[in-house]
Amino acid sequence: MNSEDIIEREKRYEAVFSKKPLPIVDGDGVYVYDADGNEYIDMGASYGVMGVGHANPKVVEAVEEQARSFTYAQASYATPERGALMEALMDATPDSLDRLFLANAGTEANEAAMKFARASTDEDSTKIVAAKRGFHGRTYGSISATWKSKYREPFAPTVPEFDFAAYNDVESLKETVDDETALVLLEPIQGEAGIYPAEPEYLETARDLCDDHGAYLVFDEIQAGMGRTGEMWSHEQYDVTPDAITTAKSLGGGLPISAIVCTEEMTDIPKGSHGGTYCGNPVAVAAARAAVEYTVENDLPANAARQGERLVSGVEEIDTDRIVDVRGEGLMVGIQVRGRAGRYLSGLAREGVLGLTAGTNVIRFLPPLTLEDGHVDAVVDALAEVFDP
Ligand SMILES: Cc1ncc(COP(=O)(O)O)c(C=O)c1O
């Protein structure tokens, strides 16, 4: 089947997703391939999922081994791989976080954060505070914590008692968090919004306010975590320890898995009140253990920091007035352009580079963290070509 036929077949039945103009039929490290044999540097990594690269050998081996042994055991049966993942995650997260819950998607980890916080605070603490421009997923709790109306309005009414503070606005945060707040949920670097890192003072104030009002502070590390920003977790470049982090995307090396890692205090939930059939399913768990270990053993955060700097300085040198700003941390990079970002993506694809947009006017790169100098140079050359007037 050629690329066009593959796309047309899906389009005929797909209920939700529009289809990009190329199918993916193979992947290897930082590269993906379409059905016509074209090779692309995958600077989107399918929305930041493939941190350890496509078909990472360690992940493939772990998945094969687990699938040959047994593919499923519900989380109330302990398995060797699940325990190994728990230890690996505990080693890789702040010491004060000593409990975890495994789920399947980012939004489920955030739902757990919201439910844990509500159940573990007093009954008057019913409010959840999130940030304007923030994104936390597409289930009802998560869309209620998500700012953009396009994700909420078609499904209104959403869950009550959510409130929004302006991002990086300390005064707005102070006005919003009060004694009725159970949870403050923040991205330390906003992704979907267009790649906006938090000011240290903003996160420090959030910590103080949560302590003062008996609320929990949770950092959504679903897009920014697992080494992407140059640290294992994006909040580590700040002097603030949350009560929990949520992680997904690169956690699973391409398989669906997510986690909330939190303090014991935050897990004061009645037995049997939370769970899910596929939570901690063995095959995704094996992939995640391999992905976490690969990230740590190969110091992918350090590579992300180095290649991110190389990418940003390369882009800054492009001689064009169509680039308004380049920002980000590590390999979470946004290039703000004049006009709509989407129109540059097809030009980039023609040059063999796949990217994403964020908001309307930002080209977003969330590539595999295994990116090397030559790949970055090729991406900068492709951008220079696309921005050439
Ligand atoms: C910051 C953030 N939180 C939550 C989510 C939701 O994750 P998922 O799509 O796996 O439910 C995303 C996904 O893009 C995200 O970027």
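**Note on the predicted model**

1. Buried residues account for 52% of the 389 residues in the protein. The structure is a predicted model, and the points below should be read with that in mind. The protein contains 13 helices and 17 strands.

2. On overall dimensions, the C-alpha atoms occupy a box of roughly 60 × 55 × 40 Å along the principal axes. The radius of gyration is 21 Å, and a compact globule of 389 residues would have a value near 21 Å, so the protein agrees with that expectation. As for how the chain is connected in space, 74% of the contacts between residues at least 6 apart in sequence join residues at least 24 apart.

3. Helix H4 covers residues 80-92. Its 13 residues, at 1.5 Å a residue, should span 18 Å, and the end C-alpha atoms lie 19 Å apart, which agrees. Glu81, Arg82, Leu85 and Leu89 are the buried residues of H4. These residues lie on the same side of H4, because the arc they cover around the axis is only 100 degrees. In an α-helix there are 3.6 residues a turn, so residues three or four places apart point the same way. Gly83, Glu87 and Asp91 are exposed, on the face of H4 turned away from the buried side. The cover over the buried residues of H4 includes helix H3 (57-69) and helix H10 (282-297), together with strand S4 (99-103) and strand S12 (258-262).

4. Helix H11 runs over residues 300-316. A helix of 17 residues should span 24 Å at 1.5 Å a residue, and the end C-alpha atoms of H11 are 24 Å apart, in agreement. The buried residues of H11 include Leu300, Pro301, Asn303, Gln307, Leu311 and Val315. Also buried in this helix are Ala304, Ala305, Gly308 and Val312. The partners against which the buried residues of H11 pack are H10, helix H13 (373-387), strand S13 (323-329) and strand S14 (332-337). Helix H10 thus appears in both settings: among the elements covering the buried residues of H4, and among those packed against the buried residues of H11.

5. The ligand has 15 residues around it, of which Gly106, Thr107, Gly137, Ile222 and Gln223 come nearest. Helix H5 (residues 106-120) supplies the largest share of this shell, with three residues. By character, the shell divides into seven polar, five nonpolar and three charged residues.

6. Some backbone features merit attention. Most residues other than glycine have a negative phi, and most peptide bonds are trans. The bond between Ala156 and Pro157 is a cis peptide bond, with omega about 0 degrees. Pro157 sits in the loop between helix H7 (149-152) and strand S6 (162-165). Glu161 is found in the loop between H7 and S6 as well, and has a positive phi of about 70 degrees although it is not a glycine. Glu161 counts as partly exposed because it has 14 C-beta neighbours inside 10 Å.

7. A further positive phi occurs at Met226, which is not a glycine; the value is about 60 degrees. Met226 belongs to the loop between strand S10 (216-220) and strand S11 (244-247). Is this residue buried or exposed? Met226 has 31 C-beta neighbours inside 10 Å and therefore counts as buried.

Definitions and conventions
Residues numbered from 1 in each chain as written. Predicted model: local features only at pLDDT ≥ 70, side-chain atom pairs only at ≥ 80, totals over all residues. Helix = DSSP H or I, 4+ residues; strand = E, 2+ residues; numbered from the N terminus. Buried ≥ 20, exposed ≤ 12 C-beta atoms within 10 Å, placed from the backbone. Near = placed C-beta within 6 Å. Nonpolar A, V, L, I, M, F, W, Y, C, P; charged D, E, K, R; others polar. Rg over C-alpha atoms; globule rule 2.2 N^0.38 Å. Contact = placed C-beta atoms within 7 Å. Expected span 1.5 Å × (residues − 1). Arc of directions from axis to C-beta.
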